[in-house]
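Me: I'm new to this structure and would like a close look at a single part of it. Please pick a good starting place and then work outward from there.

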Amino acid sequence: MSDTNPTHKKHRDRPLSPADVPVDDLPVVEISDQLYQLAELIAEARKLTYQPIGGGRIYGAQRPIDANETGVIGELALQKALGKLEQAIFIYGDPGYDVVDGNITIDVKATATHMQLPELLIPYDQELAADAYLLAHRVKPRKVRKVRLVGWAPRDLVEDREPQRHPGDTLNYVVPPHELYLP
C-alpha cells in the first residue's frame with residue numbers, strides 16, 4: 001500500500017490504520033486443506049491441555065473447540081504470511097506470544113466475528129508479555145478458510161489504556177481499528 005494512493009491518505013500526524021483503507025486492501029492469507037486439518041488437530045489438543053487453566057476465553061456463541069480452532073488458524077495465517085510455519089502445543093498455555101519474528105514477539109488475537117473491522121481484544125488479566133498484538137479475522141463464511149490480517153498494536157499502546165468491560169462483562173484492553181497499525 002502506498003501513501004500516494006488517494007484512497008490511502010494519512011490523517012495528520014498519525015500513520016494509516018486499518019480504518020483508513022478499504023477492507024479489501026488488508027492482507028488475506030488463505031489456509032490450505034492441509035493447514036486446516038493441522039489446525040483442527042492442534043485445536044483439539046489445546047482443548048484438552050487448556051482445561052486445567054479454565055479453557056481460555058470465548059466470546060459470542062462459539063463452542064470451545066471452535067474458539068480454539070479460530071485461534072490456531074489466526075496463528076497459522078500469520079506464520080504463513082511470515083514464511084515461518086511452526087506450531088507448538090503447550091500444556092499450560094503459551095509464554096504470552098505465538099510468533100517470534102527477528103527479535104519481536106507477537107501474540108495473535110483471532111476472531112470470527114461478523115464485524116467487517118473488529119476490535120483487538122486482550123484480556124485484562126493476561127500478562128502483556130508480547131512486543132506486539134496482531135488482530136487476525138476469519139473471513140466469513142468459515143468454509144472459505146481465509147484470514148484477514150487486520151492490524152497490530154505495540155504493547156505500550158495496549159498498556160496505556162483503561163480496561164473496559166467489553167464485550168459483555170469481560171474486562172479487556174480494547175483497541176479499535178482506527179488505533180491499530182497496518183500489518
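Reply: Let's start just past the end of helix H2, where Gly83 follows with a positive phi, near 75°. Before going on, a word on the ground rules. This is a predicted model, with residues numbered from 1 along each chain as its sequence is written, and local features need pLDDT of at least 70. Side-chain atom pairs count only at pLDDT 80 or more, while totals for chains, interfaces and linings use all residues, and side-chain values use heavy atoms, with hydrogens and water left out.

Now back up into H2 itself, residues 64-82. Helices (H or I, at least four residues) and strands (E, at least two) are DSSP runs, numbered from the N terminus. At 1.5 Å a residue, the 19 residues of H2 should span 27 Å, and its end C-alpha atoms are indeed 27 Å apart, so the two agree. (The expected span is 1.5 Å times one less than the number of residues.)

H2 is mostly covered, with 15 of its 19 residues buried. Buried means under 20% relative accessible area, exposed over 50%, and partly exposed in between, using a 1.4 Å probe and protein chains only. One residue of H2 to look at is Glu75, which counts as buried because its relative accessible area is 5%. Glu75 touches Arg46, Gln87, Asp98 and Val108, if you skip residues up to four places away in sequence. Touching, or contact, means heavy atoms within 4.5 Å.

What does H2 give to the largest nonpolar core? It hands over 6 residues, the most of any element. A nonpolar core here is a set of buried Ala, Val, Leu, Ile, Met, Phe, Trp, Tyr and Cys residues joined through side-chain atoms within 4.5 Å. In soluble globular proteins, nonpolar side chains tend to be buried together. This core has 21 residues, and Ile31, Leu78, Leu134, Val147 and Leu149 touch the most other members. Besides H2, the elements that give two or more residues are helix H1 (33-50) and strands E3 (104-111), E5 (132-138) and E6 (146-154).

Leu149 shows how these parts meet. Leaving aside neighbours within four places in sequence, Leu149 is in contact with Ala77, Leu78 and Ala81, and its other partners include Leu26, Leu134 and Pro183. Apart from this core lies another one, of 17 residues, among them Val21, Leu120, Tyr133 and Tyr173.

Tyr173 also turns up in an aromatic pair with Tyr124, a tilted one with 5.5 Å centre to centre and 55° between the planes. For a pair, ring centres of Phe, Tyr or Trp (its six-membered ring) must lie within 6.5 Å; planes under 30 degrees apart count as stacked, over 60 as edge-to-face and the rest as tilted. Tyr124 lies in the loop between strand E4 (120-123) and E5, and Tyr173 in strand E8 (residues 171-175), so the pair ties together parts that are 49 residues apart in sequence. Tyr173 counts as buried at 10% relative accessibility, whereas Tyr124 is partly exposed at 40%.

Between strand E7 (164-165) and E8 there's a loop that holds Pro167. The peptide bond from His166 to Pro167 is cis, with omega near -5°.

Carry on past E8 and you reach Tyr181, which is partly exposed, with a relative accessible area of 29%. Its C-alpha atom is 7.2 Å from that of Pro15, though the two residues are 166 apart along the chain. Among the residues Tyr181 touches are Pro15, Leu16, Pro18 and Trp152. Ser17, in the segment before strand E1 (28-30), counts as buried at 1% relative accessibility. Ser17 touches Pro177, His178, Leu180 and Leu182, not counting residues up to four places away.

Finally, step back to the whole protein. From the N terminus on, its elements run β-α-α-β-β-β-β-β-α-β-β, which comes to 3 helices and 8 strands. Of its 183 residues, 42% count as buried. Residues 24 or more positions apart account for 63% of the contacts with a separation of 6 or more.
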